[in-house]
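Here are two short exercises to work through with the model open beside you. Try each task before reading its solution.

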Amino acid sequence: MIEKIRQLEEQSLALEPNAGARAQMLDKVVRYTEEFLNRQPRGPVFCVSDHEGAGLLDSPIAEDPIDIDTAIDLYRENVERPGINPASPWHLGYVPGGGLYHAALGDFLAAVTNRYSGIFLASPGAVRMERMVLGWLGNVFGFPHTMAGDLTSGGSIAHLSGIVAARESRGLKARDFERTVVYLTPQTHHCVKKALGVAGMKECVQRTIALDDHYRMSAAALEAAIKADLAEGLDPWMIVASAGTTDTGAVDPLEAIADIAEQCGLWMQVDGAYGGVFALLDYGKQLMRGIERSDAVIVNPHKGLFLPYGSGAILVRDGAALRQAHRYSANYMQDEETLASEDEISPADLSPELTRHFRGLRLWLPLKLLGVAPFRAALEEKLLLARYFYERIQEIDGFEVGPYPDLSIVAFRYVPKHGDANAFNQALVLAVQRDGRTFLSSTNIDGAFMLRVAVLSFRTHLEQIDRTVEILQEKVRELESGQIATGGAR
Ligand SMILES: *Cc1c(COP(=O)(O)O)cnc(C)c1O
């Protein structure tokens with residue numbers, strides 16, 4: 001047996017490259033990422049490729065290894081190239097993500113040192129670091145120090161966690177769900193309904209509250225709906241308000257909604273996945289007044305704080321509600337449970353997850369290395385770029401805009417001289433996307449096919465907005481003159 005063990009040890013040593021091998025691999029990876037970053041200002045933001053990354057399949061997972069050069073080549077060709085490039089400054093579609101280099105270095109440190117961030121005892125430092133960044137975020141929204149939070153993989157899971165906390169704090173059981181009412185709007189992100197389903201609450205009553213002419217939730221309609229439901233003997237339970245909708249960036253009237261939630265005893269959950277961090281600006285703070293009275297806020301550092309994907313957060317004003325929803329115990333966790341001080345609460349007691357990525361470091365490192373000021377500046381820049389686009393696009397004949405942007409998303413469309421506007425705009429967005437120099441997305445608002453510009457990449461500056469306006473003009477000319485057929489662009 002000893003001989004066999006030694007033989008296996010010999011083989012498994014491949015898992016631990018020596019200093020020379022490490023330096024060599026690191027050098028290759030860094031060279032590739034440098035080349036990638038240097039290409040960003042010019043490279044295509046959207047690439048339709050024939051094989052769509054299927055080249056990966058030609059190199060199956062096998063007993064034999066490949067070298068780092070081959071691996072990087074496979075990655076470049078099959079993963080980096082096809083599809084949308086969210087690291088590009090030209091990404092103005094959906095809600096752009098980030099990719100701060102400092103955060104990537106944080107991930108590298110977290111992975112190499114592999115701290116266990118789920119349990120205080122395992123890594124008190126990692127847990128304190130996470131609590132610190134969550135506390136900082138909570139402070140942005142004016143939450144008291146008795147709040148609690150969790151760093152999640154994104155907004156969807158953060159909503160799920162909030163819904164479970166709201167369900168438990170009301171003591172709702174399956175038999176109650178058919179009488180339990182949740183208030184949404186037509187602009188609520190679809191992940192909320194999905195999370196209600198995952199939380200087992202598909203049967204609850206989902207009321208869709210009317211919007212005002214800025215696509216914000218109408219507080220009057222909300223109040224009327226709650227009163228009507230109470231009169232019917234239903235149980236109004238939760239309001240999901242938006243602090244920046246995905247379609248138009250609209251911020252619901254949070255102060256008025258907080259009044260109603262307070263009066264009627266509802267859980268108020270604010271979806272700030274896209275727009276929440278604009279509260280770092282005085283303007284955003286004003287706009288989101290009332291958010292400090294909500295029960296839970298969802299934010300996505302992988303959007304507004306420019307982190308790589310995989311960073312959401314939930315903040316719950318009454319920390320005990322989050323803990324009550326997620327705390328479990330088990331015999332094999334007894335060492336951890338002897339610790340009881342408030343200071344030593346573990347992320348695992350505030351989260352559906354136990355073992356997880358050490359997400360605090362990728363947020364802490366950029367905030368510490370850069371300070372908060374450049375984040376604030378970048379957010380204000382994006383806000384102004386959206387307003388600038390809003391002004392410029394309507395100066396062009398034929399373009400019409402939606403409401404003045406609350407944050408950094410502008411909805412607009414082109415009304416052609418002849419023919420169907422919806423078909424034209426559909427062709428226009430496809431023509432722009434295929435062109436590959438800039439990337440927009442579209443949506444449907446009240447039956448109108450609308451284009452959207454969402455400015456949120458930290459790499460997007462004035463140049464990208466000016467060029468995007470020009471590209472839009474160019475594509476409209478081509479479509480109007482029949483150079484690209486409206487039907488044939490598909
Ligand atoms: C992106 C987004 C979500 C979903 O977040 P994920 O991180 O993609 O799960 C929810 N709400 C809004 C407003 C969003 O923009």
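A polar contact here is a pair of N or O atoms within 3.5 Å. Keep in mind that the model is a predicted one.

**Exercise 1. The ligand and its surroundings**

Find which residues come nearest to the ligand, and which of their polar side-chain atoms lie beside its nitrogen and oxygen atoms.

Solution, step by step:

1. Start with the shell: 14 residues surround the ligand, and those that come nearest are Gly155, Ser156, Asp271, Asn300 and Lys303.
2. Look for a nitrogen atom of the ligand: a polar side-chain atom of Asp271 lies 2.7 Å from one.
3. Turn to the oxygen atoms: Ser156 places a polar side-chain atom 2.6 Å from a ligand oxygen, and for Lys303 the distance to a ligand oxygen is 2.8 Å.
4. Check the cover: on its own the ligand has 380 Å² of accessible area, and the protein covers 84% of that.
5. Sort the shell by class: four residues are nonpolar, eight polar and two charged.
6. Place the shell on the fold: helices H6 (155–169) and H11 (301–304) each supply at least two of its residues.

**Exercise 2. Two helices that pack**

How are H6 and H12 oriented to each other?

Solution, step by step:

1. Take the geometry: H6 packs with H12 (residues 319–326) at an angle of about 95°, their axes 8 Å apart.
2. Angles of 65 to 115 degrees count as roughly perpendicular, so H6 and H12 are roughly perpendicular to each other.
3. List the contact: H6 brings residues including Val164 and Ala165, while H12 brings residues including Leu322 and Ala325.
4. Classify the contact: five nonpolar, four polar and one charged residues make it up.

Notes: Residues numbered from 1 in each chain as written. Predicted model: local features only at pLDDT ≥ 70, side-chain atom pairs only at ≥ 80, totals over all residues. Heavy atoms only, no water. Near = heavy atom within 4 Å. Polar contact = N/O pair within 3.5 Å; in protein donor to acceptor, adjacent residues only side chain to side chain. Areas by Shrake-Rupley, 256 points an atom, 1.4 Å probe, with all protein chains shown as cover. Helix = DSSP H or I, 4+ residues; strand = E, 2+ residues; numbered from the N terminus. Nonpolar A, V, L, I, M, F, W, Y, C, P; charged D, E, K, R; others polar. Axes fitted to C-alpha atoms, helices over the stretch in contact; angles between N-to-C directions. Parallel < 35°, antiparallel > 145°, perpendicular 65-115°, else oblique. Contact = heavy atoms within 4.5 Å.
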